[in-house]
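Here are my notes on the model you asked me to look over, set out as numbered points. They begin with the overall order of elements and then turn to helix packing, the cores and two individual residues.

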Amino acid sequence: MQNANGAPALVMAVAIVGLVVRQQLRTRPVRRIGSLVTPVVFGVLGVAGLAFGIASVVKDHPLTALPVCLLVASFFVAAVFGAVRARTVRVWRDPRGTALRKGTAATTGLWLASVAAHFGLGLWIDHAAGSGLLGTASVYAYLAIGLGTQNLLVRGRAAGLPALVDSQAHPATPFP
């Protein structure tokens, strides 16, 4: 985000976030394991990105406490946004008793706000670091934490839904 070298990473991150948001707006089953696959993939990419970001800073000078503290703060912000977004996802059971989920307009708005928050924090991290792309490179770790938090909380809400007594019963009404 600090220089032109971060432009391809930014474009790729925006495209990936767009795909994540698009997926969030589809009605889909709440899966026990499947909802954690994407955050784990982002987590692996995030570790690689953090390694790259740290290396890009320390090649010029030591990494100081301020960018590290800002990075930790950005991960906390990701978790908070994930928790708030989880409350905006509709969760209900279909007539067969399958737990379903679907994001709302509020979910989309919170995703956009979350990306804007990371963009701003990323610029601040890169400025505080003095060189390198630590803030830019942390985007996948940020997404892993935010999406992982959201998915775990949505799974918890789905697990708390009452089971349907009869397959002929009317489905529970969706709730935010």
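**Notes on the fold and its packing**

1. Read from the N terminus, the elements of the protein follow the order α-β-α-α-β-β-α-α-α, which amounts to six helices and three strands. Please keep in mind throughout that this is a predicted model, and that the remarks below describe that model.

2. On the overall numbers, the protein has 176 residues, of which 41% count as buried. Among the contacts in the protein with a separation of 6 or more, 83% are accounted for by residues 24 or more positions apart.

3. The pairing of H3 with H4 deserves a careful look, since the axes of these two helices come within 9 Å and cross at roughly 180°. H3 is therefore roughly antiparallel to H4, an angle over 145 degrees being what that term requires. The residues that H3 brings to the contact include Leu66, Leu70, Leu71, Phe81 and Arg85, and those it meets in H4 include Leu110, Trp111, Ser114, Leu121 and Ile125. Sorted by class, the contact of H3 with H4 comprises 17 nonpolar, four polar and one charged residues.

4. H4, which covers residues 105-129, also packs against H6, residues 139-159, at an angle of about 150° and with the axes 11 Å apart. These two helices are therefore roughly antiparallel to each other as well, and their crossing is right-handed. On the H4 side the contact is made by Thr107, Trp111, Ser114, Ala117 and His118, which meet Val139, Tyr142, Leu143, Leu147 and Gln150 of H6. The residues of this contact divide into six nonpolar, four polar and no charged.

5. Which residues have the most contacts inside the largest nonpolar core? They are Leu50, Leu71, Phe75, Ile125, Leu134 and Tyr142, in a core that has 13 residues. At least two residues of this core come from each of H2 (34-58), H3 (65-88), H4 and H6, and H3 gives the most, with five residues.

6. Leu71 ties several of these names together: once its neighbours within four places in sequence are left aside, Leu71 is in contact with Leu50, Ile125 and Leu134, and also with Ser138. Apart from the core just described lies another, of 12 residues, and Phe42, Val139, Leu143 and Ala144 are among them. Val139 and Leu143 have already appeared above, as H6 residues that take part in the contact with H4.

7. Is Ser114, a residue of helix H4, buried or exposed? Its relative accessible area is 2%, and Ser114 therefore counts as buried, the cut-off for that label being under 20%. Not counting residues up to four places away in sequence, Ser114 touches Phe81, Arg85 and Tyr142. Ser114 is listed in the contact of H4 with H3, and it is listed again in the contact of H4 with H6.

8. Lys59 sits in the loop between H2 and H3, and with a relative accessible area of 65% this residue is exposed. Lys59 and Gly132 are 73 residues apart in sequence, whereas their C-alpha atoms are 8.4 Å apart in space.

Conventions: Residues numbered from 1 in each chain as written. Predicted model: local features only at pLDDT ≥ 70, side-chain atom pairs only at ≥ 80, totals over all residues. Heavy atoms only, no water. Axes fitted to C-alpha atoms, helices over the stretch in contact; angles between N-to-C directions. Helix = DSSP H or I, 4+ residues; strand = E, 2+ residues; numbered from the N terminus. Parallel < 35°, antiparallel > 145°, perpendicular 65-115°, else oblique. Left-handed = near helix turned anticlockwise from the far one by under 90°. Contact = heavy atoms within 4.5 Å. Nonpolar A, V, L, I, M, F, W, Y, C, P; charged D, E, K, R; others polar. Core = buried A, V, L, I, M, F, W, Y, C linked by side-chain atoms within 4.5 Å. Buried < 20%, exposed > 50% of the residue type's maximum accessible area, 1.4 Å probe, protein only.
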